[in-house]
Every structure is written in C-alpha cells, then in structure tokens.
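User: I'm new to this structure and would love a close look at a single part. Could you walk me through the disulfide bonding and what surrounds the cysteines?

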Amino acid sequence: MKMFGLKRIVDKKVEKTVDMASNLVNSLLDTTYKGGLFSMIIVTIVWVSIFLYIAFYYAYMPSLMFSRPIHMQFKSCYSNKGLCDYPSAHVQLTKSHQLLMIGQKYKITVYVELPESPVNEEIGMFMLCVRLSDKFGYLVSSSCRSSRLRYMSQLYRAVHTLFMAPFYLAGLSAEKQIIQLEMYTDFEEDQLHPVTDIYFEMLNHDIQIYSAKINIIANLGGLRYLMFHWPIVSACLGIGSNLLFVFFVFSMSWRHIYGPEVYRSEPNDLLGRTGIGHLDEFDSEDDSEISDDLSKKDFLPYSFSSSSLMIPEQ
C-alpha cells in the first residue's frame, strides 16, 4: 500500500511538471506570435503613413517652375530692309491636360536678350504684349509691359569695353543685355478656361532680338511654403499626424472585430486563474478518496456505486 501511494504521488508530480512545461511552451509560442504580429502591424502602419504623406505632397504641392523658349517670327519686306510686321511667337504650354494648379498664384516673367547695337539704342522704349488663351482660343487674360536697354554713358562704355575685351575676344561674353519683363505678379488659373497657349507680340518693327524665354514660377504661401522650405520638419509632422490617424482607425477596427470575443473570454479566464472552475473536479476527487478510505477502515460495509443502488422498477 505504501508503494502504491508513493507511485501515485510521483505520477502526480510528473503530470504536474509536464503540465507546467506545456503551459510554459504554449505561453512562449503565444507571446512570440503576438510580438511578431504586433511588429508587422507597426511596420505596416509606419509605411502606410509615409505613403499617405508622399501622396499628399505630390497632390498638394504644385510644380515650382515652368520654362519655355520663345521663338519670334516675322515677315520680311521686299521693297526695303526691315520687318513688315511685329515680331510674334506662339508657345503651347500643354495640349489638353491642365498645367497650372487651381487656386495657386503664379508669377509670369519674360526674359528678352537684346544686343547693345546702335539700332536698339535708337529705338529706346519698346512694348511686349502677352495673351493667354485656352485650347478653344478663348482669351483668358492679356498684359503688356514696356522696357528699354540700360543706359551707358560714353565713358562707362569705353571702360567697360576695355575691361571686357579679353572675354569678348575669347567668346566667353558678348555685348548684350537681358531685359526682365514681369508680365503677371499673381496670376491664378481659371478652372473653366485653363491656359494652354501663350501668344507674344513685340510692338516694334526695328527691334533686334537674340533670344527670349518665359518662366512661370509658383508663389508659394501658407502650408505650401512651409512644406517646400522646411521639408524635414513638415515630413515629420505630416507622418506623425498620419501615424496617429492610422493607429486610431486600426484600434477602432480591432476593437470592432475582436472586442466581443475578448470580452466573452475574460470571465472564463478569470475563473480559471482563481481556481473556481476546478472546484467541482477537486470535490469529486476528494469524495472518491474519502469513500475509499472509509471502506478500507470498515466504517462503511462497502462503497456505494451506481450499480449497487436499488432502483425500483417502473
């Protein structure tokens, strides 16, 4: 009997040890799984936040500058030298899609390269006109600006030519001036008539031009100004805001999907941790052991069982 009791104790110890080891392994596996899942979720949220900021940046920020060359055209006179009409040009910004952003202000500037020739000096003031139209030919806006070559006295011209003579002879410089004409300071695109074509006309027959080009520069302000001039700070703030928003949405989705199951399982886990759920098992084992001990010590003539009960016939 002593050997039998000792064997039962050893078996219970072994079974308890196996259960503890199994519970420990299951706990480690569950912790590893939850940690890996949490890490994947965090990485996904971070990349989604970065993608959202990049998409917002390219959708919200306009192109900073557009530049197009201007090729002047004219008709020559057959009777005498010179031009029979004003030099003019046509620049197509885009064919169909909208180039400028709605609500954004732009500065439109024309750069004209003029030689310091006696003809241009004699002309003095000249006028340049610009017409903006959409793809159907509708006139959106027009503007004219005047300018002239910068004045240089005879003494200044002689000293300047003497000093720049080596560069002139080497072809590194030329006797020319670049005149800047600001046609628009705060031009805004019309949503109904987006600008696709620009027409230029120089209102002088005798003017001599080397080349010309047009620059369209976006006047950034407000949030666009901050995003362009402080990109790192703006990116940190934007990605951080996206992180909070995406994490909030994910938390609400997780609570909506898995919340009821977690709440239903919490009372059972609480009973399991406190041991209340095992009371019935312990009571049945104790009752069986007590009945066995009483039968062995002759307190009871025999142990009761379900087969020994007298059940009356129906």
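Analyst: Happy to help; here is a walk through the cysteines, with a short stop at a threonine afterwards.

This is a predicted model, where local features need pLDDT of at least 70, side-chain atom pairs count only at pLDDT 80 or more, and totals for chains, interfaces and linings use all residues. Residues are numbered from 1 along each chain as its sequence is written, and side-chain values use heavy atoms, leaving out hydrogens and water.

Searching the whole structure turns up 1 disulfide, meaning a pair of cysteine sulfur atoms within 2.5 Å. Its partners are Cys129 and Cys144, with an S to S distance of 2.1 Å. The pair links distant parts of the chain, 15 residues apart: Cys129 lies in strand β4 (residues 126-133) and Cys144 in strand β5 (residues 139-147). Strands here are DSSP runs (E, at least two residues), numbered from the N terminus. The torsion about the S-S bond of Cys129 and Cys144 is about 110°, so this disulfide is right-handed.

How open are these cysteines? Buried means under 20% relative accessible area, exposed over 50%, and partly exposed in between (1.4 Å probe, protein chains only). Cys129 is buried at 15%, while Cys144 is partly exposed at 38%. Cys236, at 53%, counts as exposed.

Now the threonine: Thr196 sits in the loop between β6 (176-188) and β7 (197-202). With a relative accessible area of 2%, Thr196 is buried. Leaving out residues up to four places away in sequence, Thr196 touches several residues, including Val91, Leu93 and Ser133; contact means heavy atoms within 4.5 Å.

How values were computed. Helices (H or I, at least four residues) and strands (E, at least two) are DSSP runs, numbered from the N terminus.
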